[in-house]
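Here is a walk through one protein model, taken from a single helix pair outward to the whole chain. Keep the coordinates open as you read.

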Amino acid sequence: MGGRTVSGLLSGVAVVFLVLLQSTQSVYIQYQGFQVQLDSVKKLSDLERQWEFSPRLQAQSPLPVPCYHLALPQDLQPICASRAAASIFKALKTIANDNCELCVNVACTGCL
């Protein structure tokens, strides 16, 4: 009987471990040679809503507005070095809104 109890306990631990492992797996978006976390793209949208940037300064700025925000997620920062940064940020936000968690878009990986 002791063997069954240990076996059942190990099975339960394995199930809990697998559930925890799946919940920590991140969904990534791959676009134009950049791989970023879906959560980072969602934070990008939040940052843009929080931070008002004057249209005049925005027109003069060589970089997209998010590149000036100190809270820009680290995996999005390399995009700011690209000449196409504005269009890349726009595309990432579009992809993120396209049921990325379900991997409907081929740019999304790591989905459940």
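Start with two helices of this predicted model. Helix α2 covers residues 38-50, and helix α4 covers residues 85-96. Two packed helices are described by the angle between their axes and the distance between the axes. Here the angle is about 115°, and the axes lie 10 Å apart. Angles of 65 to 115 degrees count as roughly perpendicular. α2 and α4 are therefore roughly perpendicular to each other. The crossing of α2 past α4 is left-handed.

Which residues make the contact? On the α2 side they are Leu-38, Val-41, Leu-44, Ser-45 and Glu-48. On the α4 side they are Phe-89, Leu-92, Lys-93 and Ala-96. Sorted by class, this contact holds six nonpolar residues, one polar residue and two charged residues. Ser counts as polar, while Glu and Lys count as charged.

Now place the pair in the chain. The protein has four helices and three strands. Read from the N terminus, the order of elements is α-β-β-α-α-α-β. In that order, α2 follows two strands. A further helix sits between α2 and α4, and a strand comes after α4.

Next, the chain as a whole. How much of the protein counts as buried? Of its 112 residues, 28% do. The exposed area is about 7,800 Å², with carbon and sulfur atoms supplying 58% of it. Finally, take the contacts with a separation of 6 or more. Residues 24 or more positions apart account for 52% of them.

Terms used:
Residues numbered from 1 in each chain as written. Predicted model: local features only at pLDDT ≥ 70, side-chain atom pairs only at ≥ 80, totals over all residues. Heavy atoms only, no water. Buried < 20%, exposed > 50% of the residue type's maximum accessible area, 1.4 Å probe, protein only. Contact = heavy atoms within 4.5 Å. Areas by Shrake-Rupley, 256 points an atom, 1.4 Å probe, with all protein chains shown as cover. Axes fitted to C-alpha atoms, helices over the stretch in contact; angles between N-to-C directions. Parallel < 35°, antiparallel > 145°, perpendicular 65-115°, else oblique. Left-handed = near helix turned anticlockwise from the far one by under 90°.
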